[in-house]
Structure formats: structure tokens, C-alpha cells
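Let's take a friendly walk through this model, one residue and one helix at a time. Keep the structure open beside the text and follow along.

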Amino acid sequence: MLNEKLLLRIRLCVLMFFQFFVWACWMVPIGTFGPAVRGFTGSEMGWVFSTTAIAAILSPLFVGFVADRLFDTEKILAVLHVIGGICLILTGVQTSFWLFFLFLLINTLAFMPTLALANSLTFRNLDNPATFPRIAMFGTIGWIISGWIVGLFIGERNPAFFYLGGAVEILLAAYVLTLPHTPPQAKEAGIADLLGLGAVKLLKDPEFLLFTICAFLIGIPAVYYFVSANLYLTQIGAPAPTALMTMGQICEIVAMAIMPIFIAQLGLHKVLALGMAVWALRYLLFASEVYPLVLLGILIHGFCYVFVYVGSYIFVDTKAPRELRASAQSFIAFLMLGVAWLIGANLAGRTNDAYPAKVKNLIAARVIPEGVALPGWTELARDFDQNKDGIITSDEIEQVLRSAPQGQNEQDRQKLYDALKAVMRLVPASTFGHVQAAVAGKSVYMTKADYLAVNRFGWRDIWLWPAIMALVVFGLFTLGMPKKKEQAGTETPGGETAPQAPEAPAETAPSAP
């Protein structure tokens, strides 16, 4: 028979698992779904990802002024999850950008406060706060499992991942009501306290000022990964991009485990600088467009995220006086996950627009019929490659059209056929696919390589922009770094001894994936 304390920890682990399972259901695949299925531009996708930033900026105000003062934590969690789940399902059925954006924004406004509230509920019901990191790790596991389900069984082009996330979130709303009763704390706090503006006085310290500027600036190029990586993997033909990206979360667990060793050997400043450098390295690996190097860029996600984001929380905890630590944590989270994310998401979207795929010109000129979303190669080959030789010909497409039932389905296929004929004109006649088909005596339409090439953004140039930004921030932080050697147990500005590798305060902000 499980004792009550162990049973409670298991129940809290389940809470963390499904909190991040829900978030990951849409957060990763939406990067492909928006442009490939709904036809959203890069600028529009920038606003789609900005919903998270807007909610991260506003959620501390909601939690501080409403949730903490007026309602039992488990009850407000249930209400927010019901609202979020319904809006997530409604997001999946929208074809208009502004309705899509509106329902997703309402979802994030409801969901983001639940991250801090779930942390608060967990801490308040634990007899030993030191056990929290092991419970929080189930959030990362939930993110990974969600990525496997969406990537391997649903796919990035199927709105079913919205329905899955919404349904699980509604079930989560029911589950949280079974958790221990957690009444409001009735904390008195102003806007300045909730956003951490009370920590602004710490900026008088040149070291803390440099850190704050660099933490904010590195948060801008970091967002490029979340906005563009899934679409990039899709366009270069990587298998199951959403599932593939979970390798980064697996690496994150490893990086978290070994981070104290790096801090002990190098010092916290150098760990932060190393994290900034690894962000730049990742984007350079992506810019190579060489698949093994791209995989390496995914694998080092743990070091990118942990060394910069968690490293920043640790820096604040060790440098700020005790009475300002909570305020300072909120301030850094407000800058990195709010303001920097908002700027970075919109910059990433505009950068994608600056280097469009060749087919974008056909869409803009209405050469491709309105309302037609070009499928991925896998779906295209499944429907039209009759002899499974990797080459789709006009004859094969006409054969499928002739066998299609009369009605709307046939009309949709004809529109797709017209679109593919337009795409074919973009393919150079000298490609290997054409030579291969000519030798086989076929009237070639296109091969996988042809199709991916004309549907691919100018990723080499796109990834160079955040790489340069990250390198500039790395240089700024490295040049301004204190010259004195860091020692474990150095004294902080508050007059206390800094721990070697304290845990990141989890209640102050949602954790970016």
C-alpha cells in the first residue's frame, strides 16, 4: 500500500505530465501547420507565436491580482483548463487567420497562468520542496510523449493535434479538482512586484546590468528555433519532425543533470557564455542544410536552453539579495519569455517572409488556385505515385482523377492537379529526376528532390540571421564578463553565500520548452 506522501507526489507528477503534454500538442507542429495547411505568411506566424509571449506578460497580473487572492488554486486551474481546451479545439477548425489567432490567444491567456499555478499548488502541498525538480521532470517527459504521438501518428498537417490537446486539457480540468484543496494566499502585491520591476534597482550593479541586457538580447534569436525549426525539418524532408524534435528535450534532461559540474568547473559566467555560443552554433549547423549536422543542432537543444534560461535563473538567485530574489526572477522572466519572445517571434516570421520558397510567387500571383494547400511529398506520393517508383507523372495523376468519384472530391483533386502543373514549371529540366524519367521513357512530373527544392524557403540565409545575433550577444557578454575568477561560495551583493548550483525557482515563470 502506497503511503499518502508518495501517492500525493505521484498525483502531482501526473499534473506536471499533462500540463506540458497539452502545451506540446500544438506548440511544435503549429510551425508547419500554419504555413503548409492554412497558408499563413511568416509575419502571420510571428503573431501566432506571439500569443505565448503576450500571455506570459499578462499571466503574472492575473495570477497575482485574481488567482492568488480570490480563488482556490485547484478550482481556478479547472476553469482555466476548460476555457483553454475549448479554445484549442476551436482553433483547429478555423481557416481565417484572425479567428485562428483570436482563439489561440484566448487559449494561451488561459493556459499560461496554469503553469505558475500548477507550480504553486505543487510547492504548497509538498512536505519537502527539494523533491520538486523530480516532479517537474515529468513535465519534460509529457512534452516528449506528446511529440511522439503527434509526430508519429497524427502529423503536422492534420488539425487533429489541436483536438487532442484540447480534449486532454478538458480532462485535465476534471483531474485537478481531485488534487488537495489549496486555498488562496491573499498576497498583497502591486503591478511592479508582479512584473518584477522592484528589481530594477539591481541594474545599478554593472555586472547585473550586463547580464540583464544579454539575457534579454539572447532571448530574441532563441525564438527563431521555436518558430521555424519544425517547418524547416518538414521542408528538408526530415521524417516525423515533431517526434524528431523531442531529441532536444531528452538532451535537456541530460544537460540539467550535468549542469552543476559545468558550473563547478567553469563558473556560472562562463556557463552562460557557453550557452549563448551554443545557440549560435546550432543555427550555423541548421544553415549547413546537411542532415547529420541538422540532427546535431537538434541534439544540443538541451545545452542551449538549460545553460541560458536555467543559467539565468541561477544567476539571479545567486546575485540578488534575498528580499529581491522573487522580484528579480519575475523581472528576468518578463524580459526573456515575454518581451524578447514577442520581438523574436515577429522577427523570425518576417525573416521567413524575406526568403520565400519558389512556390510562394505562384501563390501570390494566383497561379496556384485559391484555397489549395500543397501537400507534403509523403501525402502526394501516397495519392498519385501509382507504381511507387518515386516519380509522379502526368499520366498517373490523370489516372487518379479519372477514378475519383464525381463531386467535390474530384473538383479538389483537379485544383491540386492544376497547382502541381504550375509547380512543375519551376523545376529545372536538368535535374536527376528528369534524366531518370527520360531514360525510363516517362513524361516526368516531379520527384521528391524536385518537389522539396521548390517548396523550401531560403533556409541557409534565414538561419544565418539568428546565428549572427547570438554571436554578437556572446561577444558582448564575454567582453564585459568580470575578469576575476569565479569561486563556489562567493559572496553575493546581498551579503549571503551563493550556492554552487541552486535550483531554478519554478514559481516565477513558465519554462520555455
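Let's begin at Phe-161, a residue of helix α7. Please keep in mind that this is a predicted model. Is Phe-161 buried or exposed? Phe-161 is buried, because its relative accessible area is 0%, and buried here means under 20%. Leaving out residues up to four places away in sequence, Phe-161 touches Cys-25, Trp-26, Pro-29, Ile-30, Phe-33, Val-150, Ile-154, Gly-155 and Glu-156. One of these partners, Cys-25, is 136 residues away in sequence, yet the two C-alpha atoms are 5.8 Å apart in space.

**Helix α6 and its surroundings**

Two of the residues that Phe-161 touches, Val-150 and Ile-154, lead us to helix α6, which covers residues 132-154. Helix α6 has 23 residues, and its first and last C-alpha atoms are 32 Å apart, close to the 33 Å expected at 1.5 Å a residue. Which residues of α6 are buried? They are Phe-132, Ile-135, Gly-139, Thr-140, Gly-142, Trp-143, Ile-144, Ser-146, Gly-147, Val-150 and Gly-151. A general point helps in reading such a list: an α-helix has 3.6 residues a turn, so residues three or four places apart point the same way. The cover over the buried residues of α6 includes α1 (4-27), α5 (97-125), α7 (160-176), α10 (241-244) and α11 (246-266). Just after α6 comes Gly-155, with a positive phi of about 95°.

**A buried acid in α11**

Helix α11, part of that cover, holds Glu-252. Which side chain of opposite charge is nearest to Glu-252? It is Arg-282, at 8.9 Å; Glu-252 is buried yet has no salt bridge. Apart from neighbours within four places in sequence, Glu-252 is in contact with Thr-140, His-301, Gly-302, Tyr-305, Val-306 and Pro-513. Thr-140 has already appeared among the buried residues of α6.

**Salt bridges**

The structure holds six salt bridges. Three of them are set out here, with the closest N to O distance for each.

| Pair | N to O distance |
|---|---|
| Lys-5 and Asp-127 | 3.5 Å |
| Arg-9 and Asp-127 | 3.5 Å |
| Lys-319 and Glu-207 | 3.8 Å |

Lys-5, Arg-9 and Asp-127 are linked in a network of salt bridges. Both Lys-5 and Arg-9 lie in helix α1, while Asp-127 lies in the loop between α5 and α6. Lys-5 and Asp-127 are 122 residues apart, and Arg-9 and Asp-127 are 118 residues apart. How exposed are the members of this network? Lys-5 is exposed, with a relative accessible area of 51%. Asp-127 counts as partly exposed because its relative accessibility is 49%, and Arg-9 is partly exposed at 26%.

The side chains of Lys-319 and Glu-207 also meet in a salt bridge. Lys-319 belongs to helix α14 (residues 301-319) and Glu-207 to helix α9, so this pair ties together parts that are 112 residues apart in sequence. Lys-319 is buried, with a relative accessible area of 17%.

**A nonpolar patch on the surface**

Val-82, Ile-86, Leu-90, Val-93, Tyr-163 and Ile-170 form a nonpolar patch on the surface, and together they have about 440 Å² of accessible area. Which helix gives the largest share of the patch? It is α4, with three residues; α4 (73-92) and α7 each supply at least two. Val-93 sits in the loop between α4 and α5, and counts as partly exposed because its relative accessibility is 48%.

**Two loop residues with positive phi**

Most residues other than glycine have a negative phi. Ala-240, although not a glycine, has a positive phi of about 40°. Ala-240 lies in the loop between α9 (206-235) and α10 and is partly exposed, with a relative accessible area of 23%. Glu-289 is not a glycine either, and has a positive phi of about 60°. Glu-289 lies in the loop between α12 (268-288) and α13 (291-299) and is partly exposed at 27% relative accessibility.

**The chain as a whole**

Stepping back, the secondary structure of the protein chain comes to 22 helices and two strands. Of its 513 residues, 53% are buried. Among contacts with a separation of 6 or more, 83% are between residues 24 or more positions apart. The chain exposes about 21,500 Å², and carbon and sulfur atoms supply 65% of that area.

Note on methods. Residues numbered from 1 in each chain as written. Predicted model: local features only at pLDDT ≥ 70, side-chain atom pairs only at ≥ 80, totals over all residues. Heavy atoms only, no water. Helix = DSSP H or I, 4+ residues; strand = E, 2+ residues; numbered from the N terminus. Expected span 1.5 Å × (residues − 1). Buried < 20%, exposed > 50% of the residue type's maximum accessible area, 1.4 Å probe, protein only. Contact = heavy atoms within 4.5 Å. Patch = residues over 30% accessible without salt bridge, like charges linked within 9 Å, V, L, I, M, F, W, Y side chains within 5 Å. Areas by Shrake-Rupley, 256 points an atom, 1.4 Å probe, with all protein chains shown as cover. Salt bridge = Lys/Arg side-chain N within 4 Å of Asp/Glu carboxyl O. Lys, Arg positive; Asp, Glu negative; His and termini not counted.
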